[in-house]
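Student: I should like to learn how to read the features of a structural model. May we work through one example together?

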Amino acid sequence: MRALVVSDLHSNAEALRAVVHHVRRKKFDHIVCLGDFVGYGAQPNQVLDVMRTYRATKLYIRGNHDRVAAGIEDGEGFNHAAKYAALWTREHLSAPNRRFLAGLAHGPMANDGVMLCHGSPHDEDEYVFNEHHARTVFELHSAPLILYGHTHLPVIFSCDRDGRVRGFSVRGEAIVKLDPNLRYLINPGSVGQPRDRNPQSSFAIVDSTKRTVQFFRVGYDVEKTRASIIAAGLPRVLADRLRHGT
Ligand SMILES: [Fe+2]
């Protein structure tokens, strides 16, 4: 499979639009979304309308914010701003988008030797930040390639046959050739709320046959997204963090 891989869109339609525009001439047959279509931002319906109607084979799983916005959970454990935005989203979804969100698959999902999850394959709410976390995932799961989101940080972890785990953050754009002797745990970063101090949207194109992963960064109209968040009355911090990529 050759897939456009996005994650953590977080109701940021300007960012998603920039990503879709950037890849319009690139070749891929699947679109993967690793969850958190909504939450934080003020454009849930615009994002979901694009994702529901995207013309590629869709491999979508839900994230923690999607569960709360869909009414599956109540946001216990969320911080104030996250909970406020998730409950606001619940009130503002169109009927088709509410149905779509409630029907999203629970990860993990496997396709063509690639495992997809939001947090980790065994816990959709787990954060995989460092080599210690990654080692646990490699010990519990044997898939050669696992794609995950949730941390909003583009990163690659590899594991060799002796169980040695190495990780590195992806800074900017990069093409990575995957070593057939290694297993990988890869996060494409976040489209709608990057947190690596680079405000540009982060995403990837993964080719599971050629075993390549290409990381992209694209700028979008951050001020337009900020204005939509402020106009909706959502917590100001959710608008301001987008300027700094935090
Ligand atoms: Fe997220």
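Student: Does Asp8 count as buried or exposed, and why?

Tutor: This is a predicted model. The general idea is to count neighbours: a residue is buried if 20 or more other C-beta atoms lie within 10 Å of its own. Asp8 has 32 C-beta neighbours inside 10 Å, and therefore counts as buried. Asp8 belongs to the loop between β1 (2–6) and α1 (13–22).

Student: What is the phi of Asp8?

Tutor: Asp8 is not a glycine, yet its phi is positive, at about 50°. His150 likewise has a positive phi without being a glycine, here of about 80°. His150 sits in the loop between β6 (145–147) and β7 (155–159). Because 26 other C-beta atoms lie within 10 Å of His150, this residue is buried.

Student: Which peptide bond is cis, and where does its proline lie?

Tutor: One reads this from omega. For the bond from Gly107 to Pro108, omega is near 0°, and the bond is cis. Pro108 is placed in the loop between α5 (95–102) and β4 (109–111).

Student: How does the radius of gyration of the chain agree with that of a compact globule?

Tutor: The value is set against the one expected for a compact globule with the chain's number of residues. For 246 residues that would be near 18 Å, and the chain has 17 Å, so the two agree. The C-alpha trace spans about 50 × 40 × 30 Å along its principal axes.

Student: What do the secondary structure and the contacts come to?

Tutor: The chain has eight helices and 12 strands. Of its contacts with a separation of 6 or more, 73% join residues 24 or more positions apart. Buried residues account for 46% of the 246 residues.

How values were computed: Residues numbered from 1 in each chain as written. Predicted model: local features only at pLDDT ≥ 70, side-chain atom pairs only at ≥ 80, totals over all residues. Helix = DSSP H or I, 4+ residues; strand = E, 2+ residues; numbered from the N terminus. Rg over C-alpha atoms; globule rule 2.2 N^0.38 Å. Buried ≥ 20, exposed ≤ 12 C-beta atoms within 10 Å, placed from the backbone. Contact = placed C-beta atoms within 7 Å.
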